[in-house]
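Morning, everyone. I have one structure to show today, and I will keep it short. Here are the sequence and the coordinates.

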Amino acid sequence: MTTFATNPVLRRYWHAVCRSTDVLGEPLAVRLLGEDLVVWRGGDGTVAALPDRCSHREAPLSAGRVKGDCIECPYHGWKFLGSGRCAEVPSSAAGVPVPPKAHLRPVPATERYGLVWLCLDEPVAGIPEIPQEQDPAFRRINALVEPWQTAATRMVDNFLDITHFPYVHVGSFGSAATPEVPHVELRDLGEWYGYEYSVTAANPTVAASASGQATATVQRLMSSGFNLPFAVRSTIRYESGLEHILLLLSTPIDDATSYFTFVVWRNDDFSVPADEVTRLDRLIGAEDKLMLERVRGTLPLDHTALVSVQADKASVEWRRQLRALLQG
Ligand code: FES
Ligand SMILES: [Fe+2]
């Protein structure tokens with residue numbers, strides 16, 4: 001039986017595995033859809049990825065080092081280019097050709113939004129567009145890419161869920177939220193599918209840097225939408241005109257663990273340090289992590305397996321579309 005994370009369909013989408021700044025020096029071991037991979041940046045600055053298993057005696061290349069445009073295996077020093085080509089076998093005499101089976105399968109890698117994205121097969125879709133990336137009025141702030149002990153499906157369900165705010169996020173912004181949520185209509189939001197809503201949120205000290213206001217509560221016009229398989233964009237517009245775009249990403253490491261990261265774009269005056277701006281989002285992430293790591297297993301995609309109510313409809317729709325996608 002195919003497990004969720006090894007479904008071949010998921011191999012044809014781009015997944016974020018680390019920040020660009022995580023691969024400035026040493027090679028980095030990552031795991032995507034059950035596969036161990038190594039990511040590194042060659043001498044020309046290009047990011048590359050390969051299976052983290054040397055073709056000689058299976059040593060992890062991630063324990064090796066970068067030598068020019070190659071990654072050097074730590075065991076016997078074989079060198080591999082980003083194309084997967086084995087460029088050198090030091091123990092062989094000059095002129096002796098490299099065995100053809102020494103070459104490794106290349107893994108397509110690219111950088112966008114300060115992140116390294118990998119695709120394990122021929123991509124069928126691009127990385128979702130965030131137009132604010134090109135807008136000089138906005139700055140981008142990246143968060144850490146961290147593994148959570150939860151399924152990617154649980155994470156995305158959580159990203160699309162607003163009814164947990166008064167409970168899970170009572171320590172951050174949720175205390176002014178009312179448990180009853182307004183009726184939302186799902187619609188096409190460009191590359192995203194979701195809903196818009198308006199909410200009165202608490203604005204404690206920790207949230208003041210994000211909201212740019214010092215009042216007890218703030219009015220936020222929000223939208224939340226998904227892009228298959230695991231990206232969610234949440235937009236917040238304050239009455240002051242301040243916009244806060246949040247890209248929430250979940251990448252399946254395997255069925256039970258996933259990378260979580262978020263990226264923020266903001267049209268503020270850039271005066272508040274990035275760490276301050278994302279303090280609230282990081283706190284919210286920690287609250288979600290604590291909750292999700294208590295919930296066992298992957299989220300059943302069959303809608304009859306769980307009870308859902310009107311307020312869950314964005315997640316129900318995402319699950320329906322994901323299920324159709326995974327069934328090919
Ligand atoms: S195991 Fe990599 S060079 Fe021998
Ligand atoms: Fe949350």
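I will go through one helix, one sheet and the nonpolar core.

First, a caution: this is a predicted model.

Start with helix α5, residues 279-292. At 1.5 Å a residue, its 14 residues should span 20 Å, and the end C-alpha atoms are 20 Å apart, so the expected and computed lengths agree. Which residues of α5 are buried? They are L280, D281, I284, G285, E287 and D288. These buried residues cover an arc of only 160° around the axis, which means they sit on the same side of α5. The general background is that an α-helix has 3.6 residues a turn, so residues three or four places apart point the same way. On the other side of α5, A286 and L290 are exposed.

Next, the sheet. It is open, with three strands in the order β1-β10-β9 and antiparallel pairing. β1 (15-19) and β9 (109-112) stand at the edges with a single partner strand each, so one side of each has no neighbour in the sheet. From one strand to the next, the twist averages 35°. Between β9 and β10 (residues 115-118), which run antiparallel, there are four bridges. In that pairing, T110 of β9 stands opposite W117 in β10.

Last, the core. The largest nonpolar core has 74 residues, and V39 and L118 are those with the most contacts inside it. Strand β18 (residues 258-266) supplies the largest share of this core, six residues. Where else does the core reach? It draws at least three residues from each of domain 1 (4-118) and domain 2 (131-326).

That is the tour; I will take questions.

Notes: Residues numbered from 1 in each chain as written. Chains lettered and ligands numbered in written order. Predicted model: local features only at pLDDT ≥ 70, side-chain atom pairs only at ≥ 80, totals over all residues. Helix = DSSP H or I, 4+ residues; strand = E, 2+ residues; numbered from the N terminus. Expected span 1.5 Å × (residues − 1). Buried ≥ 20, exposed ≤ 12 C-beta atoms within 10 Å, placed from the backbone. Arc of directions from axis to C-beta. Pairing = 2+ DSSP bridges. Axes fitted to C-alpha atoms, helices over the stretch in contact; angles between N-to-C directions. Core = buried A, V, L, I, M, F, W, Y, C linked by C-beta atoms within 7 Å. Domains from an automatic or database assignment.
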